[in-house]
Amino acid sequence: MQMTYLEAIADAMRHEMRRDDNVFMIGEDIGTYGGAFKVTKGFLDEFGAKRIIDAPISEAAIIGSAIGASLNGMRPIVEMQFMDFITNGFNQVVTVAGTTAYRWGLPVPMVVRGPSGGGVGGNPFHSRNSEAWFAHATGLKVVCPAFPDDAKGLMIASIRDNDPVMFFEHKGLYRKIKGEVPEGEHIVPLGQARVVRKGTHCSVIAYGSAVHMALAAAEALASEGIDIEVVDIRTLVPFDQETVFESVRKTGRALVAHEAVLTAGFGGEIAARIADIAFQYLDAPVRRVAAFDSPTPFAPTLEQAVLPNAEKIQAAVRELCNF
Amino acid sequence: MKSTQRSSGKPASKSTSLLTADQRKELLSYMLMAREFDTAMLRLYRQGKAFGGVYSQLGNEAVSVGSAYALDRDRDVLFPMHRNIGSHFVFGQDLDQLMVNHLAREGSQMRGTDGTGHYADPARRIYGNVSHLGAMIPVAAGFSLADQLRGITTVSLTFIGDGGAQVGEVHEALNFASVHKIPLILIIENNQYAYSTPNSLEFACERLSDRALGYGMYGTTIDGTDVELVYATCLEAVERARRGEGPSLIETRTMRMRGHAEHDDFSYVPKDLLEEWATKDPVETYITRIVRDGVMTADEVKALRETTLATMIASIDRALERAWPAPEEGFKNVFMSI
Ligand SMILES: Cc1ncc(C[n+]2csc(CCOP(=O)(O)OP(=O)(O)O)c2C)c(N)n1
Ligand SMILES: [Mg+2]
């Protein structure tokens, strides 16, 4: 069935809420209003106010109570109105959720999800890509889908997962990206990358919105006779390094791309691992394309300048191929 | 009773006769366990055998014992803080297991990943704290919320200090709990100091329980050295919670009779303040009452106290005989599954 990225996420959550009474949602304006981006439109009518909880503007209380409910056998889905506001609940995620399995051996099957990313004139406070913070935190799984079918399958896997999952939805993809999504049960296990375009000259390893930039770059480069392979890692934690290495061993060149800022981004981790394990297969250094190290600016001219795009990926690939 | 009791600035003080002689004996025995746990841990510290901080709860026995005693330990749930060892005993924690957890030896419920009272024991309905003050209050609220969604009332009892009460998460959790009528009891243990910082530099209101008014929940400030008063006040909070009237905020006034932890000589605390509070020692004053009311004789209390201390020391010794956890444990269980 054709669905937008947003519809696929809603479909996954509805599927799980119908299937398992322990799944409930908590967030801001998710009930009557259906969420700032309308992801939970109609949920209140179907599931009632006990399972679709409109909470005060209290990110720490929202996430903390979801953790407590997890300890008591529930599987909460937390909506951050914008992923940027996770900073207000950071302590709960990192200090409490991320340490519970290690310290207590107890599951915290909570999903914290919400719109992240830029490119939509969101300003510095509605555009951030903060996934790397959580990959660095220990004890958290980090998911960044790029396509509707993956968004659904990864969401269902995340809800059923016994660890806390940070689920980054790219708000720019919500209504822009449409695709075929299996109806009913559809699971994409966490920790499996997907080769979304086969190629021979250079591997572009990306996730989230950068996958679409890489695919657009691939089209343009194909006309120049450069054939790139695009690997969508889909989840940062767990990280499927095998699929990445396999691709790099084949192409001999690696470019890592993400929309998040460059320094200490997850691309650095991917590049380091490729350099460590696949060094002997490389014909060129591992390069990264990412955002300039700044907050995401507001005016479109500035925002487009600092964020990565298909042209920046093309330029980097050309350099690697001519190295 | 929706509104907070407005203050004259002085904590309420009243005695109760809700308790049978056996219950009063039991309360005293838990308080002695808390007190002698400290005696034994201080001894260990002086011997240089303690590991990590030794946070004495001297002066707080009545709060942790009296409050936990008001709960139904088969239904309710405890989220203790760092000066609530007495509540662990009330909730039936096995002494040897507690010591092994505290001292992070092989067999710890935390496998050596953490120590002190931070462990969780779901079977005993105890979920320990993290170091970050205030962080577990929304978690405690969420535990009860889960049962509320199932139509069950599970009271969560948790604690925070006069310093920790200034953390933002406390505000969020109380407001959230009040809006959703969550059966949460938060005790603010006002022991006059937060590490070296006195009340005057932590908050500017008269009573910390006055904040309850702003949340639309019940609040009161009481003498935290009177175990029966703490019990009676918490019992009322439990009953309110079971009637669906939501959370309660109880400030207990006590004195931290030692340093923040044993490394701290607490020379910043005026001597006369300590002397004044020493006359209100919760254990000693309760012993006086118990003996006066003929519940136990002074000799019986003395004997109980001695065996309690001996039991604590023996349990510590058994814990210390155990090996440290195997280093491999450090690499396990970061995730439930990966
Ligand atoms: C959020 C946070 N900040 C700082 C600390 C360090 N710290 C641990 S205990 C403490 C003092 C706590 O005082 P209070 O809340 O009054 O509790 P008490 O120790 O007096 O029982 C401090 C500052 C901490 N654990 N958590
Ligand atoms: Mg204090």
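Is B:Thr254 buried or exposed? B:Thr254 is buried, at a relative accessible area of 0%; here buried means under 20%, exposed over 50%, and partly exposed in between, with a 1.4 Å probe and protein chains only.

Some ground rules before we go on. This is a predicted model, in which local features need pLDDT of at least 70 and side-chain atom pairs count only at pLDDT 80 or more, while totals for chains, interfaces and linings use all residues. Residues are numbered from 1 along each chain as its sequence is written, chains are lettered from A and ligands numbered from 1 in the order in which they are written, and side-chain values use heavy atoms, with hydrogens and water left out.

**Around B:Thr254**

B:Thr254 sits in the loop between strand S9 (248-253) and helix H9 (271-278) of chain B. Helices (H or I, at least four residues) and strands (E, at least two) are DSSP runs, numbered from the N terminus. Leaving aside residues up to four places away in sequence, B:Thr254 touches B:Gly59, B:Asn60, B:Val63, B:Asn190, B:Asn191, B:Gln192, B:Gly224, B:Thr225 and B:Trp277. Contact means heavy atoms within 4.5 Å.

**Where chain A meets chain B**

Across this interface, 39 residues of chain A are in contact with 43 residues of chain B. The two chains bury about 3300 Å² between them, 65% of it on carbon and sulfur atoms. Buried area is the accessible area (1.4 Å probe) that two parts lose on being put together, summed over both. On the chain A side, A:Tyr102, A:Arg103 and A:Trp104 lose the most area to chain B, together 23% of what that side buries.

The rule finds 21 residue pairs in polar contact across the interface, with both residues at pLDDT 80 or more. A polar contact is a pair of N or O atoms within 3.5 Å; within protein, one must be able to donate a hydrogen and the other to accept it, and residues adjacent in sequence count only if both atoms are side-chain atoms. Strand S2 (23-27), strand S3 (52-54), helix H3 (59-71) and H4 of chain A each supply at least two residues of the side that touches chain B. H3(A) gives the most to that side, with nine residues. The residues of that side divide into 20 nonpolar, 13 polar and six charged. In this scheme Ala, Val, Leu, Ile, Met, Phe, Trp, Tyr, Cys and Pro count as nonpolar, Asp, Glu, Lys and Arg as charged, and the others, Gly among them, as polar.

**A look at H4(A)**

How far apart are the end C-alpha atoms of helix H4 (residues 90-104) of chain A? They are 20 Å apart, which agrees with the 21 Å that its 15 residues should span at 1.5 Å a residue; the expected span is 1.5 Å times one less than the number of residues. H4(A) is mostly covered, with eleven of its 15 residues buried. Among them are A:Val93, A:Val96, A:Thr100, A:Arg103 and A:Trp104. Just after the helix, A:Gly105 takes a positive phi of about 65°.

**Salt bridges**

The count over all chains comes to 42 salt bridges, a salt bridge being a side-chain nitrogen of Lys or Arg within 4 Å of a carboxyl oxygen of Asp or Glu. One salt bridge is found across the interface of chain A and chain B. Here are a few of the pairs:

| Pair | Closest N to O |
|---|---|
| B:Asp114 and A:Arg103 | 3.4 Å |
| B:Arg207 and B:Asp210 | 3.2 Å |
| B:Asp293 and B:Arg24 | 2.9 Å |
| A:Arg160 and A:Glu16 | 2.8 Å |

A:Arg160 lies in helix H6 (residues 148-160) and A:Glu16 in helix H1 (residues 5-19) of chain A, so this pair ties together parts that are 144 residues apart in sequence. A:Arg160 is partly exposed at 23% relative accessible area, whereas A:Glu16 is buried at 1%.

**Inside H6(A)**

A:Asp150 also belongs to helix H6 of chain A, and A:Asp150 is buried, with a relative accessible area of 2%. Its contacts, not counting residues up to four places away in sequence, include A:Arg194, A:Asp232 and A:Arg234. A:Lys152 lies in helix H6 of chain A too and is buried at 0%.
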